[in-house]
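I am opening a fresh notebook page for this structure and want to set down, entry by entry, what I look up in it. The sequence and the structure come first, and my notes follow.

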Amino acid sequence: MIGTAPGYEMAMSNDVAVELLPEETLRAAVDTLVRLVEAAGAAIIFLGAVVAIVQFLRVLPRRDAHEFVRVRLTLGRFLALGLEFQLASDILSTAVAPTWEELGKLAAVAAIRTALNYFLSREIKEQEQAVDKDQREEPSKTGNRP
Amino acid sequence: MSHLLSDLSLAVGAAAVVVGAVALAATRDLRAALPLMLDLLLAAGLLRLAASSTWTAIVTAAGLVLIRKVVTWTILRNGAAPLPLHSR
């Protein structure tokens, strides 16, 4: 049985890979993907703001401060989702070798987004628990009224 | 794309101020109105952060976003303390 050396096979596959996917093409493809995902994140955040404003206008005639918590919850969920998309685009940006300058900016933005996403998720959870508690207590409160 | 994001950020920021003012006028409750306005301003800040590419812009947007989060968090944590405009 005649075999080929593993090093030779690896060199051949690298040559094919280089020919099939040059760095410029990879860079351009990743850049397009980054822009698309970043735009999706921004669109979700903007959509969340629009939905929250519409919801605010709908609950405004009731003049109930508790309803504003629901509006904030809706907005918070959109913001968290948008931040996830933007973090995904940050991770994609590291796929092609960036410069130290780009890497520094990327790290700063990613750190801000990660921290915000963490606090936002925690706040959403707390607000949801508060809303659930209010809903559970509301029937008993109305039942105690004279 | 950054011009579009900057414009959207500006629009959301302006809407946040209007929503905050209307909410305050409707409920006379600063604890209800201010977090709503700050959350919308946070959305504007995130759009601005997506548009920014220089260090100055990143630091400015990040500072604004963090200040807004801290203020919202402080208002919600100090829920027991009555604020001047709270109707009682």
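**A loop residue to begin with**

I looked up A:Leu21 and found that it counts as exposed, because it has 11 C-beta neighbours inside 10 Å and a residue with 12 or fewer is placed in that class. I note here that the model is a predicted one. A:Leu21 sits in the loop that lies between α1 (6-20) and α2 of chain A. I also took the separation between A:Leu21 and A:Leu57, which are 36 residues apart along the chain, and their C-alpha atoms are 52 Å from each other.

**Chain A as a whole**

I then went through the elements of chain A and found 4 helices and 0 strands, so that the pattern read along the sequence is α-α-α-α. Chain A has 146 residues, of which 21% count as buried. For contacts in chain A between residues at least 6 apart in sequence, I noted that 78% join residues at least 24 apart.

**A:Gly76**

Is A:Gly76 buried or exposed? I found it buried, since 22 other C-beta atoms lie within 10 Å and the class begins at 20. A:Gly76 belongs to helix α3 of chain A, which covers residues 65-93. Leaving out residues up to four places away in sequence, A:Gly76 touches A:Leu120, A:Glu123 and A:Ile124, and also B:Asp39 of the other chain. I checked A:Glu126 as well, which is 50 residues from A:Gly76 in sequence and 12 Å from it in space, C-alpha to C-alpha.

**Where α3(A) meets α2(B)**

The contact with B:Asp39 led me to the helix pair. The axes of α3(A) and of helix α2 of chain B (residues 30-51) come within 9 Å and cross at roughly 15 degrees. The two helices are therefore roughly parallel to each other, as angles under 35 degrees are counted that way, and their crossing is left-handed. Among the residues that make the contact I listed A:Phe68, A:Leu75, A:Gly76 and A:Leu79 on α3(A), with B:Leu36, B:Asp39, B:Leu40 and B:Ala43 on α2(B). By class, the residues of this contact divide into 13 nonpolar, 3 polar and 2 charged.

**The two chains together**

How many residues of chain A are in contact with chain B? I read off 29 residues of chain A, in contact with 27 residues of chain B. On the chain A side, the elements that give two or more residues are α2 (23-59), α3 and α4 (100-144). The most comes from α2(A), with 12 residues. That side of chain A has 19 nonpolar, 5 polar and 5 charged residues.

**The nonpolar core**

My last entry concerns the largest nonpolar core, which has 43 residues, and in which A:Ile45, B:Val12, B:Leu40, B:Ala43 and B:Leu47 have the most contacts. At least two residues of this core are supplied by each of α2, α3 and α4 of chain A and α1 (2-27), α2 and α3 (55-77) of chain B. The largest share is that of α2(B), with 15 residues. I followed A:Ile45 further and, leaving aside its neighbours within four places in sequence, found it in contact with A:Phe78, A:Leu79 and A:Gly82 in chain A and with B:Ala43, B:Leu46 and B:Leu47 in chain B.

Conventions:
Residues are numbered from 1 along each chain as its sequence is written. Chains are lettered from A and ligands numbered from 1 in the order in which they are written. This is a predicted model: local features need pLDDT of at least 70, side-chain atom pairs count only at pLDDT 80 or more; totals for chains, interfaces and linings use all residues. Two residues are in contact if their C-beta atoms, placed from the backbone, lie within 7 Å. Ala, Val, Leu, Ile, Met, Phe, Trp, Tyr, Cys and Pro count as nonpolar, Asp, Glu, Lys and Arg as charged, and the others, Gly among them, as polar. Axes are lines fitted to C-alpha atoms, for helices over the stretch in contact, and angles run from 0 to 180 degrees between N-to-C directions. Angles under 35 degrees count as roughly parallel, over 145 as roughly antiparallel, 65 to 115 as roughly perpendicular and the rest as oblique. A crossing is left-handed if the near helix is turned anticlockwise from the far one by less than a right angle, and right-handed if clockwise. A nonpolar core is a set of buried Ala, Val, Leu, Ile, Met, Phe, Trp, Tyr and Cys residues joined through C-beta atoms within 7 Å.
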